[in-house]
Amino acid sequence: MNSGILIVILLLYLGLLFFIAQWAERKGNSKWTNNPYVYSLSLAVYCTTWTYYGSIGVAANSGLNYIPIYLGPVIAFPAWIVILRKIIRISRVNKISSIADFISLRYGNSRFLGALVTVISLMAILPYVGLQLKAISETFHIVTNSTESNNVFLDTSTYVALVLALFASFYGTRYVDASEKRKGIVTAVAMESVLKLFFFIILGLYVTFYVFDGFDAIYAKASLMDNFEERNTIHGLEGGMNWMMLIILSFFSIFLLPRQFHMSIVENNREKHIRTAIWLFPLYLLLFNLFVYPIAWGGNILFEGKDVNPDMFSLLIPQLFDNTFMTVLVFLGGFSAAISMIVVSSITLSTMLSNNLLIPYGLLGSLQKDNQESNSERIVNIRRIGIFLLIILAFIYYRFFIMDFSLVSVGMISFVIVAQLGPAFFGAIFWKRGSLNGAVAGIIVGMLICFYTIMLPFLLSSINPESNFFKEGFFGYTFLQPFQLFGLDYLEPIPHALFWSLLFNSLVYLFVSVSFKGNYRERNYAEMFVDIDKYINNHENAFIWKGTAYVSDIKKVLKRFLGEERTNRALSIFKMKYNIAPDNLLADARLVKFAENLLTGHIGTASAKILIESVTKEDKISLPEVLKILEESKENLIINKKLTETSNELKVLSAQLKTANETLVIKDKQKDEFLDTVTHELRTPITAIRAASEILHDDDEIPGEIKKQFLQNIITESDRLNRLIDKILDLEKFETGKQKIYLSTGNIIQTISKSLSPLQQLISNKKIHVEFDENQFKVLVDFDEERIIQVITNLVSNAIKFTDEKQGLIIITVLNEEDFIKINVFNNGKGINPNELETIFDKFYQSNNQNIKKPIGSGLGLAICKQIIEAHKGKIWAENVQKGVTFSFILPKNK
Amino acid sequence: MKKILLVDDEPNIIMSLEYTFKKNNFEVFIARDGQEALDILKIEQPDLIILDIMMPNVDGYATIELVKKNEKLTNCKVIFLSAKNKESDIEKGMQLGADAYMTKPFSIKKLVEQVNELLSTSP
């Protein structure tokens with residue numbers, strides 16, 4: 001293909017990305033850009049040209065060995081929920097914008113450590129960026145069938161790199177505050193992630209089903225090749241160990257690679273987006289790896305015996321079949337993978353370069369004197385030039401150093417170098433004792449071992465591959481052989497280097513941290529990092545600082561970087577949050593921390609600290625003092641929490657007591673009323689008996705007929721008294737649960753008839769009409785007949801009492817429902833006061849006017865009815881209906 | 001012949017009272033609650049009322065209040081005859097203007113004495 005056309009296609013493609021980035025930036029926080037899917041896809045910046053081309057080379061040469069690099073992250077995902085959320089929180093409250101900020105802040109906001117992390121990141125990532133440029137260049141030449149020109153300025157790929165550098169430097173520096181979210185970049189990266197996966201899958205389908213006849217066909221042909229068996233084994237325990245080390249390596253990388261830190265932490269908008277990422281990202285990796293193997297072995301089959309680079313199979317295969325469209329598609333996919341990585345990496349590296357190296361080690365002095373506008377401009381320019389230079393540097397590196405190495409080996413070295421940050425990084429969030437000295441010593445020792453076991457041999461081998469150094473070690477000490485250090489001879493160079501460097505790194509970190517205590521500032525940040533959840537809402541409180549500082553001085557510094565308006569706004573928010581008087585002249589620890597945070601995004605943690613220190617006078621605090629304050633504040637937190645809990649419990653308890661008391665008061669009042677009612681009811685028959693007896697006793701002339709009447713009265717009233725006592729005892733038995741219900745199945749119709757017959761006399765005396773169909777169908781239900789007779793008798797006698805003589809009408813109906821039966825006793829008497837519809841069933845009930853006697857009598861009858869029905873797990877109630885009152889109860893069928 | 005009004009909702013108590021006062025030469029009127037009593041009082045002016053408190057419809061307290069407002073009944077004596085026997089009940093009854101308060105169960109003899117005593121002091 002003509003290189004001019006390809007360049008036009010590339011420019012169009014870059015234009016599209018540019019457009020997407022612009023659009024997303026304008027959209028701001030819309031649901032199109034701020035959603036968990038964009039976040040998850042942006043994490044796929046992990047998949048670079050290495051995945052696109054390198055994996056295929058590995059799979060072609062050594063089978064499944066490309067897999068561990070994806071297994072590590074997949075294994076890491078479940079831990080993300082815990083670890084990533086913690087890091088996100090720490091970074092958010094501290095305005096952290098890079099991994100250098102993160103690690104150095106934790107170890108006492110150390111300028112040196114921040115610079116060290118930056119240098120290591122540069123060492124690791126620059127070659128890696130170079131590698132991406134190399135991939136673009138190589139693939140460009142393959143697609144255009146051109147050869148690489150020896151003159152850099154005549155080579156098209158040089159100009160591709162230049163365009164990229166311009167694109168990245170323009171887009172990566174939209175904000176002075178490096179902790180701001182870059183919607184445009186994130187959305188463009190997510191878009192590229194979709195495209196690169198999509199194109200790769202198309203290629204996979206093309207190779208598997210168009211070039212070959214499916215997976216089986218490829219396998220059938222591949223398995224006939226001489227070295228198939230040998231290339232597709234794990235190689236026993238030793239191979240397994242290698243695998244494990246590679247998995248550990250990639251596990252570390254997913255957290256520690258600056259671009260991953262940037263995408264997963266700095267660009268995270270919502271913590272809950274992680275929840276989508278933990279399934280979507282592994283799924284993405286799985287889909288990506290699905291066709292690696294078939295393409296690789298398809299390539300092996302097609303190019304058997306030919307001298308081609310297996311890394312390039314994905315371009316060579318479509319090219320072999322003259323499929324230009326597919327070739328360009330694959331090229332664009334690889335190009336996407338490359339530019340995502342290049343852009344994001346160069347942005348993070350340049351942020352680190354400016355915030356952790358250039359500004360704190362030199363530029364800060366001049367920034368301190370300038371005003372906000374020129375400061376912002378200078379910071380942005382520093383970063384912009386940084387990005388541009390980084391890409392150009394990477395390009396130079398690739399042109400002059402790594403022309404001859406495969407994608408994978410350089411990438412692996414990057415990973416191993418970055419992994420040296422691991423112990424200090426994970427220690428930062430889980431181990432409070434980890435100290436600055438320990439972190440620095442660990443990283444340096446790890447780096448030295450890295451240098452000795454891979455970088456040095458790597459450089460040497462490009463100069464003199466036959467050097468004695470490899471076989472005989474340093475100065476002839478065989479146990480110092482770079483690839484078999486201390487006689488460890490079964491690991492491949494990369495896992496070998498990782499093993500020793502990480503082992504010594506961790507041990508030195510642990511040993512130094514335990515042996516030499518860190519200073520108070522380290523301990524303070526350790527507390528804030530490890531226990532971030534405790535301080536998430538008012539982390540400024542956790543910052544320990546003693547000294548003298550004036551609000552006006554701090555304000556002056558802030559204005560230089562934030563400008564007048566933002567400074568005032570930020571300070572007023574701060575004062576509102578902590579309820580500080582607006583005219584307070586002295587700054588406290590919280591304001592110092594707050595101001596540092598405000599500056600951090602612009603100039604990095606270390607410089608922010610230096611700037612604030614320059615206008616404040618801090619008193620030295622000893623470590624024991626800090627520990628004491630921390631302990632106290634921790635205790636306070638615990639005590640506060642306990643107090644809140646206790647006070648909440650007390651509130652609940654007191655509410656419960658109040659209700660209980662109210663109930664008791666009501667019960668007590670009801671009890672008094674009940675006693676009143678009962679004594680009144682008991683005294684009434686006694687009064688009648690006493691009066692009649694006295695007359696009979698004193699009056700001898702009493703006529704015989706009247707005498708008989710009085711005696712009859714005495715008998716009636718005595719019976720009444722006895723019935724009353726029975727009722728009271730009954731009620732008492734129900735209330736204390738002594739009364740048992742004896743259930744048996746019976747026909748309720750028959751029971752109602754039984755209840756009615758003793759009342760017939762009363763009914764005919766009062767000349768009222770009772771309607772009840774005794775001949776209706778059987779209604780069977782489980783109940784205690786004796787008790788239900790009591791209920792019906794009571795309801796019907798009440799009804800008789802309620803209704804007027806002669807006009808009285810009582811209707812009894814039975815409803816047979818699926819789950820229950822319902823019995824209604826209607827009478828056409830006077831309605832019940834609506835307020836009393838429920839209370840009439842209370843045993844202590846009396847009408848609101850205590851002296852108006854209810855016609856029902858003592859009120860015990862309905863109370864007993866209620867107890868009986870409730871013992872049957874039924875319900876009883878009264879309602880006013882047209883022209884009368886209905887008393888109803890239901891008995892459930894399935895108890 | 002003195003007139004007496006008996007107000008109680010218990011027929012058996014009324015029966016004893018009616019027999020006793022008729023025997024003691026009273027003209028006896030009977031009401032089964034406060035409402036009936038007030039109806040009778042529209043046409044009759046008894047010398048004395050024996051009044052229960054807890055009754056249906058209109059209670060004894062309401063009844064005495066209306067009796068005390070009735071100018072025709074300024075000389076009419078009222079005795080509460082009630083099962084409500086708490087201090088506070090008696091106090092309330094006397095405050096409403098009753099001339100005596102007797103608790104149930106009562107002695108017929110003492111009631112008659114009380115009635116005679118109240119009527120002998122009046123003109």
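**Sheets, helix packing and chain contact in a predicted two-chain model**

Chain B has an average pLDDT of 90, and 98% of its residues score at least 70. The structure is a predicted model, and its overall scores are an ipTM of 0.93 and a pTM of 0.63. As a general caution, where pLDDT is low the predicted coordinates should not be read in detail.

Within chain B, five strands are arranged as an open sheet in the order β2-β1-β3-β4-β5, and the pairing is parallel. The edges of this sheet are occupied by β2 (26-31) and β5 (100-103) of chain B, each of which has a single partner strand, so that one side of each is left without a neighbour in the sheet. On average, and with direction ignored, neighbouring strands of this sheet are turned by 20° against each other. The partner of the edge strand β2(B) is strand β1 (residues 2-7) of chain B, and the two are joined in the parallel sense over six bridges. Along this pairing, B:Phe26 in β2(B) is the residue that stands opposite B:Lys2.

Chain A also contains an open sheet of five strands, here in the order β4-β6-β7-β9-β8, with mixed pairing. Because β4 (769-771) and β8 (875-881) of chain A stand at the edges with a single partner strand each, one side of each is left without a neighbour in the sheet. From one strand to the next, the twist of this sheet averages 15°. The edge strand β4(A) runs parallel to strand β6 (residues 809-816) of chain A, to which it is joined by three bridges; within this pair, A:Val770 has A:Ile810 of β6(A) as its bridge partner.

Two helix pairs of chain A illustrate how its helices pack. In one of them, helix α4 (residues 68-94) and helix α12 (residues 258-266) of chain A have axes that come within 9 Å and cross at roughly 80°. An angle between 65 and 115 degrees counts as roughly perpendicular, and α4(A) and α12(A) are therefore described as roughly perpendicular to each other. To this contact α4(A) contributes A:Leu84, A:Ile87, A:Ile88 and A:Ser91, while α12(A) contributes A:Ser264, A:Ile265 and A:Val266. Sorted by class, the residues comprise five nonpolar and two polar ones, with no charged residues.

In the other pair, helix α29 (residues 748-756) and helix α31 (residues 785-802) of chain A pack at an angle of about 55°, with their axes 9 Å apart, and are therefore oblique to each other. The crossing in which α29(A) passes α31(A) is right-handed. On the side of α29(A) the contact is formed by A:Thr751, A:Ile752, A:Lys754, A:Ser755 and A:Leu756, and on the side of α31(A) by A:Glu785, A:Ile788, A:Ile789, A:Ile792, A:Thr793 and A:Val796. Six nonpolar, three polar and two charged residues make up this contact of α29(A) with α31(A).

The contact between the chains draws 21 residues from chain A and 22 residues from chain B. On the side of chain A that touches chain B, α27 (623-698) and α28 (704-735) of chain A each supply at least two residues. The most is given by α27(A), with 12 residues. By class, this side of chain A is made up of eight nonpolar, eight polar and five charged residues.

Terms used:
Residues numbered from 1 in each chain as written. Chains lettered and ligands numbered in written order. Predicted model: local features only at pLDDT ≥ 70, side-chain atom pairs only at ≥ 80, totals over all residues. Axes fitted to C-alpha atoms, helices over the stretch in contact; angles between N-to-C directions. Helix = DSSP H or I, 4+ residues; strand = E, 2+ residues; numbered from the N terminus. Parallel < 35°, antiparallel > 145°, perpendicular 65-115°, else oblique. Contact = placed C-beta atoms within 7 Å. Nonpolar A, V, L, I, M, F, W, Y, C, P; charged D, E, K, R; others polar. pLDDT = per-residue confidence, 0-100. Left-handed = near helix turned anticlockwise from the far one by under 90°. Pairing = 2+ DSSP bridges.
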